[in-house]
Amino acid sequence: MLRPIQGISSALANLAKARVSLDRINEILVQDEVIKNSPDAVTLSSFTDSIGFENVSFSYKADLVLKNVSFTIKKGQTIAIVGESGSGKSTLLDLIPRFHDPSNGKITIDGIDLRTIDINDIRELIGIVAQDSLLFNATILENIAFGDETPDIKRAITAAKNANAYDFITHLDGEFEYNVGDRGNKLSGGQKQRISIARAMYKNPEILLLDEATSALDTESERQVQLALDAIMKGKTSIVVAHRLSTIINADIIIVFKKGEIVESGSHHDLMSKKGEYARFCQLQGIGLEN
């Protein structure tokens with residue numbers, strides 16, 4: 001009777017684990033959907049002029065994370081967001097695809113309030129490359145063409161080449177049919193990030209959001225990923241949250257955040273001449289005016 005008793009004990013333990021997991025899943029399933037489409041939401045098929053932040057404030061609970069933020073991004077510009085950790089940089093990016101809505105103020109695309117535009121249309125215009133690359137337990141092709149029900153291998157190959165990922169993919173067993181494992185655990189950090197960039201290139205969005213895409217990489221991987229990012233940003237409207245300032249000195253406008261507020265904005269040369277917060281950050285990273 002020993003083996004059946006052991007089996008019953010194992011089953012009871014597994015049931016207890018499953019019950020806890022089910023409770024966690026149910027907590028998510030019963031949550032109210034906060035971000036919803038307006039009943040009379042308008043469609044937006046393209047982005048032609050600018051993205052505007054007009055006195056935008058945001059708070060998760062009582063404390064304000066963003067305070068009266070206002071700036072405009074013209075189509076084709078590269079805007080860099082810099083500042084100390086916790087200053088609201090990533091939160092600002094999350095507001096553009098409507099992962100959250102502002103507590104006050106508004107964000108507009110071509111003068112239209114985001115809250116009045118169909119959410120799917122907004123997100124169709126946007127490509128995101130985050131610090132933590134999110135890969136699924138699927139093939140490289142399926143990860144690059146994520147969201148496409150009929151993946152185009154030629155388009156995926158072009159995206160991989162532009163993302164500096166094609167060479168390492170061709171050395172994998174199965175190449176584009178190689179399964180990357182759970183969360184991409186069969187790939188290195190730099191390889192996963194380049195697959196994420198290839199995914200954005202495959203989508204070919206008009207607006208790019210880059211959230212510290214190279215900060216967690218070693219020097220060689222960072223160089224490869226930065227080359228891929230430079231390629232993807234050509235001709236796009238890009239908003240870049242940067243930790244390593246050497247990657248954004250050529251941005252059209254650099255915006256410096258401190259405690260949720262904009263304290264400086266301008267080009268690298270202009271901000272270095274002011275000798276303020278940005279110049280202090282550059283000094284800490286060994287970057288001079290000549291860069």
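The side chain of Lys 75 places a polar atom 2.9 Å from the backbone oxygen of Phe 47. This lysine sits in the loop that runs from strand S2 (64-74) to strand S3 (78-83). Keep in mind that the model is predicted. From here, the tour goes on to a second lysine, a helix and two nonpolar cores.

**Lys 75 and its surroundings**
- With a relative accessible area of 42%, Lys 75 counts as partly exposed, because that value falls between the 20% limit for buried and the 50% limit for exposed.
- Not counting residues up to four places away in sequence, Lys 75 touches Phe 47, Thr 48, Asp 49, Ser 50, Glu 206 and Thr 237.
- Ile 207 is 132 residues from Lys 75 in sequence, yet their C-alpha atoms are 8.6 Å apart in space.

**Lys 236, a buried charge**
- Lys 236 belongs to the loop between helix H8 (219-233) and strand S8 (237-241).
- Although Lys 236 is buried, it has no salt bridge. Glu 206 is the nearest side chain of opposite charge, at 8.0 Å, and a salt bridge needs the charged atoms within 4 Å, so this pair does not qualify.
- Polar partners are there all the same: the side chains of Lys 236 and Asn 204 are joined by a polar contact of 2.4 Å.
- The Lys 236 side chain also reaches the backbone oxygen of Pro 205, at 3.0 Å.
- Beyond four places in sequence, the residues that Lys 236 touches are Gly 76, Gln 77, Asn 204, Pro 205, Glu 206 and Leu 208.

**Helix H7 and the residue after it**
- Helix H7 covers residues 189-203, and its 15 residues span 22 Å from first to last C-alpha, close to the expected 21 Å.
- Of these 15 residues, 12 are buried, so the helix is mostly covered.
- Among the buried residues are two arginines, Arg 194 and Arg 199, alongside nonpolar ones including Ile 195, Ile 197 and Met 201.
- Asn 204, the polar partner of Lys 236, comes just after H7 and takes a positive phi of about 55 degrees.

**Nonpolar cores**
- The largest nonpolar core has 48 residues, and those with the most contacts inside it are Ile 140, Ile 144, Ile 169, Ile 197, Ile 248 and Tyr 278.
- H7 gives the most to this core, with six residues.
- Apart from this core lies another, of 30 residues, among them Phe 58, Phe 71, Ile 207 and Ile 239.
- Leaving aside neighbours within four places in sequence, Ile 140 is in contact with residues including Ile 169, Leu 172, Phe 176 and Ile 195.

Conventions: Residues numbered from 1 in each chain as written. Predicted model: local features only at pLDDT ≥ 70, side-chain atom pairs only at ≥ 80, totals over all residues. Heavy atoms only, no water. Helix = DSSP H or I, 4+ residues; strand = E, 2+ residues; numbered from the N terminus. Expected span 1.5 Å × (residues − 1). Buried < 20%, exposed > 50% of the residue type's maximum accessible area, 1.4 Å probe, protein only. Lys, Arg positive; Asp, Glu negative; His and termini not counted. Polar contact = N/O pair within 3.5 Å; in protein donor to acceptor, adjacent residues only side chain to side chain. Contact = heavy atoms within 4.5 Å. Core = buried A, V, L, I, M, F, W, Y, C linked by side-chain atoms within 4.5 Å.
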